[in-house]
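Visitor: I should like to examine how the descriptive terms are justified here. Please show me the model.

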Amino acid sequence: MLTPTQDTLESAAHLVREYFLEPIRTLEGWVGTLAEELEKTRATGALTRAKLDTIVEPHAIRTLALPSAPVYGAGFIAAIDLLSDARNYLAWWQGADQRQLVLASQSVNKEHIDYSELEWYRVPLATGLPHVAGPYVDYLCSDEYTITVAVPVRIGTEFAGVAGLDLLIDAVERDLVPRLRALGAEVTLVNGVGRVIVSTDPQWATGDSVRGSRLAELPRQPCADVALDVIVDA
């Protein structure tokens, strides 16, 4: 028989898993088609930013309309040197107006950013698996605390980039905290390095590290398939 704490841990982990699996499945639902479209385009000529935008936009717009999660931004981040006219490029749409992100209009340096070492790009590249990255302040797109869900895209054996979507932490907190609070214990959701994503306990804020704290000694449960953990303080 499960103890109350074990039961709460498993319930919280299941809740978190289901919350993030829907965005992952949404991206997985179109990465195959995207790869085919990219391959077909390259077979008939150079793959440019303009051509990529045309391919990605309908997928991104549908993802922004996902009813089960508060998607703020969505699109495709090209592998380094995939395109003929740019070393790196984001085909990305975001916000309530679903406007395309134009990096050069925001900062003289943003269009030249090397995102190859950023978690949401690096981990799917290395593992070949979907990844939930964050929390982090997204200076590239929203300038807000963000979680990025990313799914690798391959053309045959070639890594072509990642399909991704952004969830703003404020919106995730509004969604998840009431559900976690209903479990009847203080529940804290952390990433793989022990940074708080959201918590029902007001003393823990997004981005706090639980390392070396009392929270780090409490029972912890992995959330299958999403590389996050829940910690319960009964």
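Visitor: How do you know that the length of helix α2 agrees with its number of residues?

Guide: Helices (H or I, at least four residues) are DSSP runs, numbered from the N terminus. The expected span is 1.5 Å times one less than the number of residues; for the 16 residues of α2 (residues 49–64) this gives 22 Å, and the end C-alpha atoms are 21 Å apart, which agrees. This is a predicted model, in which local features need pLDDT of at least 70, side-chain atom pairs count only at pLDDT 80 or more, and totals for chains, interfaces and linings use all residues. Residues are numbered from 1 along each chain as its sequence is written, and side-chain values use heavy atoms, leaving out hydrogens and water.

Visitor: Why is H59 called buried?

Guide: Buried means under 20% relative accessible area (1.4 Å probe, protein chains only); H59 has 5%, so the term applies. H59 lies in helix α2, whose buried residues also include L52, I55 and V56.

Visitor: What makes a polar contact with the side chain of H59?

Guide: The side chain of R62 does, at 2.9 Å. A polar contact is a pair of N or O atoms within 3.5 Å; within protein, one must be able to donate a hydrogen and the other to accept it, and residues adjacent in sequence count only if both atoms are side-chain atoms.

Visitor: Why is H131 called buried?

Guide: The relative accessible area of H131 is 12%, so H131 is buried. H131 lies in strand β4 (residues 131–137), and its side chain makes a polar contact with that of E119 at 2.7 Å; strands (E) are DSSP runs of at least two residues.

How values were computed: Buried means under 20% relative accessible area, exposed over 50%, partly exposed in between (1.4 Å probe, protein chains only).
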